[in-house]
Amino acid sequence: ANAPVNVTVTGAAGNIGYALLFRIASGALLGPDQRINLRLLEIPQAVKAAEGTAMELFDSAFPALGTVDIFDDPVQAFEGANIAFLVGSMPRKAGMERADLLSANGGIFGPQGEALNAGAADDVKVLVVGNPANTNALIAASHAPDIPASRFTAMTRLDHNRALAQLAARAGCHVSEIDKVTVWGNHSTTQYPDLTHATVNGAPIPEILADRTWVEEDFIPTVAKRGAAIIAARGASSAASAASAAIDHVRDWCQGTTSSWTSSSIMSDGSYGVAEGIISSFPCTAVDGEWKIVEGLEIDDFSRAKIDASAAELLDERAAVAEMGLI
Ligand code: NDP
């Protein structure tokens with residue numbers, strides 16, 4: 001049998017954590033035969049709730065689950081981590097200034113980056129889910145000089161999955177029949193879900209793309225604002241779908257993508273005119289444990305403007321955290 005894999009989850013007592021931990025422990029991440037040791041990080045006030053979740057994990061008698069340890073210290077929580085899901089963050093509250101939001105998250109993701117740098121395994125892979133996820137990932141990466149920046153990623157897979165679901169409903173097909181959809185940019189309302197290259201059963205979709213009213217006034221805003229629609233319906237944020245997308249992201253990263261590409265927020269190398277040094281969403285494949293940007297896609301004028309606008313927002317966020325000394 002393979003050695004156990006250490007998976008650290010922050011914000012473990014939260015809503016996404018509650019859905020995510022059971023998927024990881026059930027084998028959905030690395031298969032039913034890979035033993036996983038969970039390391040849960042919480043703030044001190046939430047440690048007791050995390051202990052309750054750990055009791056339920058214990059009671060599930062998952063064949064793939066090894067140990068479960070709970071910490072309120074990031075240095076201990078990230079010790080030996082092969083995979084880290086950074087879920088806990090300081091979300092924007094009504095009336096909160098952007099500077100307050102970014103500085104609160106700097107106080108979380110800076111020390112977590114340092115702790116990863118100090119103690120994580122050499123092969124560590126990091127997925128940031130907690131918002132503002134792309135900039136939080138940048139903060140963590142900048143505090144981990146010994147870890148390649150390519151190991152710090154942010155989640156746009158839920159946006160990608162939402163785009164697949166919306167297109168499948170419009171095209172009257174199953175999501176599994178759709179390929180070549182991309183979410184570009186920031187995990188925010190400036191994100192650009194791009195259908196230009198999309199196929200249904202291998203065929204392009206010119207009639208759907210020609211319906212600009214649907215693409216621009218229905219599809220794009222529906223995907224970008226889906227989080228708010230879920231809150232309006234459920235009275236709580238999306239949690240299980242966010243956890244499911246986090247599993248999809250890390251599973252594909254470890255085991256390889258199976259479609260032509262997916263969407264992943266990774267450190268930009270300047271591809272497609274997106275400034276280097278921001279963590280932005282691209283069309284990506286995962287091969288041998290590394291994300292690779294799919295190069296050479298044609299970008300039309302509409303897409304160009306959308307990609308540029310979202311990249312500009314990421315550059316603004318980077319400038320703001322740089323000014324605050326957070327990176
Ligand atoms: P959730 O588990 O619902 O959400 C956690 C984070 O994920 C939020 O920042 C949320 O941002 C973000 N997120 C990203 N994508 C999505 C999505 N599609 N749908 C919903 N959320 C998304 O939050 P809870 O408040 O239930 O739990 C957070 C936990 O984190 C708490 O237990 C808290 O104690 C803990 N925490 C732990 C820290 C640590 O380990 N050091 C630090 C800070 C908090 P948004 O709200 O903007 O959608």
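Begin by selecting Ala140, which touches Leu86, Phe109, Gln112, Gly113, Leu116, Val126, Val128 and Phe152, leaving aside residues up to four places away in sequence; two residues are in contact if their C-beta atoms, placed from the backbone, lie within 7 Å. The model is predicted: local features need pLDDT of at least 70 and side-chain atom pairs count only at pLDDT 80 or more, while totals for chains, interfaces and linings use all residues. Residues are numbered from 1 along each chain as its sequence is written.

**The nonpolar core**

Next, add Ala84, Leu116, Val128, Val129 and Ala246 to the selection; together with Ala140, they have the most contacts inside the largest nonpolar core, a set of 92 residues. Such a core consists of buried Ala, Val, Leu, Ile, Met, Phe, Trp, Tyr and Cys residues joined through C-beta atoms within 7 Å. A residue is buried if 20 or more other C-beta atoms, placed from the backbone, lie within 10 Å of its own. Helix α10 gives the most to this core, with 7 residues.

**The two domains**

Colour domain 1 (5–154) and domain 2 (157–317) separately; these bounds come from an automatic or database domain assignment. The C-alpha centres of domain 1 and domain 2 lie 23 Å apart. Their contact takes 25 residues from domain 1 and 28 residues from domain 2. On the side of domain 1 that touches domain 2, the largest share, 6 residues, comes from α5.

**Helix α1**

Now select α1 (residues 15–25). Helices (H or I, at least four residues) and strands (E, at least two) are DSSP runs, numbered from the N terminus. The buried residues of α1 are Ile16, Gly17, Leu20, Leu21, Ile24 and Ala25. They cover an arc of only 140° around the axis, which puts them on the same side of α1; the arc is that of the directions from the helix axis to the C-beta atoms. These buried residues pack against β1 (5–10), β2 (36–41), α2 (47–59), β3 (65–71), β4 (83–86) and α10 (240–255). Just after α1, Gly27 takes a positive phi of about 100°.

**The ligand**

Finally, display the 27 residues around the ligand, of which Gly11, Gly14, Ile16, Gly88 and Pro91 come nearest. A residue is near a molecule if its C-beta atom, placed from the backbone, lies within 6 Å of it. Helix α1 supplies the largest share of this shell, 3 residues. Why does the ligand lie between domain 1 and domain 2? Both domains give residues to the shell around the ligand, so the ligand lies between them.

Terms used. Buried ≥ 20, exposed ≤ 12 C-beta atoms within 10 Å, placed from the backbone.
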